[in-house]
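The following exercises concern one protein chain and are to be solved from its sequence and coordinates. Each task is followed by a worked solution.

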Amino acid sequence: MTLTGRRPAVRPRPSPATGPRSARALRDGLLWTAGTALLLLSVAVAVTIGPARISVPDVWSAVAAHLGLGDTRLTPIRDGIIWNLRMPRTLLAAVCGAGLAVCGTVMQSLLRNPLADPFVLGVSSGASTGAVAVVVLGAGGGAVSVPAGAFAGALCSFALVMLLSHTLGGTTDRVVLAGVAAMQLFSALTSFVVMTAADAEQTRGVLFWLLGSLSGAGWTDVRVCAAVLAVTLLICLGHARTLDAFAFGRDAAAALGVRVTRTRTVLLCTTALLTAALVSSAGAIGFVGLVLPHAARALAGSGHRRLLPVTALAGAVFLVWADTLARTVLEPQEVPVGVVTALVGVPAFVLVLYRTRRTA
């Protein structure tokens, strides 16, 4: 009691969960902001690297002009180099890196396998077979493009995997085994077609595409792949809590009210469609979906609502610089970007194997 007879006002104490939750939200916001800024800077700098001397202000000037935000002071040739050649290639690299990394994150959670990646369902091998059928065998009579053939082959491979896994029981290990079988089947078909029907020039072109290449990137590829990525990311974020539940196993997820079979089918089909779209535009780029999810988990933790955006940003930045290195390290000759990602990914893959062995 005070001298006035009134009780002193009692200030409400903050909830114990409020502090940590606010700190976590602040950390996530800073992480996403830093990742977005790093991606934008990486794209701007990567576009400047090449035989023609271009500065970052030149890049911003060209982009602003094409977006209707001002006039460019660049010559038509320099503007064309930025907007028609380097910018769509760099943006497609960012979209492919983000998409493959997101697919890897989702598949590692669904299959509870730290070594799973987007190509474990045979999607890449099927896409390769479809592309080879168009280039070497002339499938479609000239009316079907290489990306369309690759997309059709990827869908055929995934349909075979889902049919086999459903017939064998639909468990996680059956899905992986069916994917391995489909991958070997379509890889054998691709090799058979190339060895028996392709000439030397076609073989070189097919091999370059199979190792991953962004040299033919255009704005149509960027728009299509970006749209599929946006839809996939929204669907996966909508299932973030479900993906967290899968970390405890199939039975635990079912006990928490998750429709395991339906959810896994939806997410596997979604990631397979995204992988097919990316492979049809950029070829088979390996190790991005295997390595980047582990690096992102070290930064953002295992909660998928935070993990998926961080993984997408990390994959985008990684592939932008991998492609920049691929097109400049042996200039004027270009190295397939899949070679660069493999040179980085193999040591990381061995590290993941070692960590898996220690925790087994």
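**Exercise 1. Backbone exceptions in the loops**

Pro332 lies in the loop between α13 and α14. The model is a predicted one.

Task: Determine which peptide bond is cis, and which residues other than glycine, among them Arg112, have a positive phi.

Solution.

Step 1. As a reference, most residues other than glycine have a negative phi, and most peptide bonds are trans.

Step 2. The bond from Glu331 to Pro332 is cis, and its omega is near 10°. The proline of this bond, Pro332, belongs to the loop that joins α13 to α14.

Step 3. Arg112 is not a glycine, yet its phi is positive, at about 50°. Arg112 is placed in the loop between α3 and α4. With a relative accessibility of 53%, Arg112 counts as exposed, because the threshold for that class is over 50%.

Step 4. Phe287 also has a positive phi, near 75°. The loop between α11 (260-282) and α12 (288-300) holds Phe287. The relative accessibility of Phe287 is 24%, and the residue therefore counts as partly exposed.

**Exercise 2. The overall architecture**

Task: State how many helices and strands the protein has, and describe its extent, burial and contacts.

Solution.

Step 1. The protein has 14 helices and zero strands. Read from the N terminus, the order of elements is α-α-α-α-α-α-α-α-α-α-α-α-α-α.

Step 2. Along the principal axes, the C-alpha atoms fill a box of roughly 100 × 65 × 40 Å.

Step 3. Of the 360 residues in the protein, 45% are buried.

Step 4. Among contacts with a separation of 6 or more, 74% are between residues 24 or more positions apart.

**Exercise 3. Salt bridges**

Task: Find how many salt bridges the protein has, and analyse those of Asp58 and of Glu334.

Solution.

Step 1. Side chains of opposite charge can pair when their charged atoms come close. The criterion needed here is a side-chain nitrogen of Lys or Arg within 4 Å of a carboxyl oxygen of Asp or Glu. By this rule there are four salt bridges.

Step 2. Asp58 pairs with Arg73, and the closest N and O atoms are 3.3 Å apart. Asp58 is in helix α2 (residues 56-66), whereas Arg73 is in the loop between α2 and α3 (76-110), so the partners are 15 residues apart. The environments of the partners are as follows: Asp58 is buried at 7% relative accessibility, and Arg73 is exposed at 63%.

Step 3. Asp58 also forms a salt bridge with Arg78, with the closest N and O atoms 3.6 Å apart. Because Arg78 lies in helix α3 and Asp58 in helix α2, this pair ties together parts 20 residues apart in sequence. Arg78 is partly exposed, at 29% relative accessibility.

Step 4. Combining the two pairs gives a network of salt bridges that links Asp58, Arg73 and Arg78.

Step 5. Glu334 pairs with Arg89, and here the closest N and O atoms are 2.8 Å apart. Glu334 lies in the loop between α13 (304-328) and α14 (337-359) and Arg89 in helix α3, so this salt bridge ties together parts that are 245 residues apart in sequence. Glu334 is partly exposed at 22% relative accessibility, while Arg89 is buried at 9%.

**Exercise 4. The packing of two helices**

Task: Characterise how helix α4 and helix α7 pack, and which residues meet.

Solution.

Step 1. Helix α4 covers residues 123-135 and helix α7 covers residues 200-210; their axes are 11 Å apart, at an angle of about 155°.

Step 2. The angle makes α4 roughly antiparallel to α7, because angles over 145 degrees fall in that class.

Step 3. The crossing in which α4 passes α7 is right-handed.

Step 4. On the side of α4, the residues in contact are Ala127, Ser128, Ala131, Val132 and Val135. They meet Gln202, Val206, Trp209 and Leu210 of α7.

Step 5. Sorted by type, the residues of the contact of α4 with α7 comprise seven nonpolar, two polar and no charged.

Terms used: Residues are numbered from 1 along each chain as its sequence is written. This is a predicted model: local features need pLDDT of at least 70, side-chain atom pairs count only at pLDDT 80 or more; totals for chains, interfaces and linings use all residues. Side-chain values use heavy atoms; hydrogens and water are left out. Helices (H or I, at least four residues) and strands (E, at least two) are DSSP runs, numbered from the N terminus. Buried means under 20% relative accessible area, exposed over 50%, partly exposed in between (1.4 Å probe, protein chains only). Axes are lines fitted to C-alpha atoms, for helices over the stretch in contact, and angles run from 0 to 180 degrees between N-to-C directions. Angles under 35 degrees count as roughly parallel, over 145 as roughly antiparallel, 65 to 115 as roughly perpendicular and the rest as oblique. A crossing is left-handed if the near helix is turned anticlockwise from the far one by less than a right angle, and right-handed if clockwise. Contact means heavy atoms within 4.5 Å. Ala, Val, Leu, Ile, Met, Phe, Trp, Tyr, Cys and Pro count as nonpolar, Asp, Glu, Lys and Arg as charged, and the others, Gly among them, as polar.
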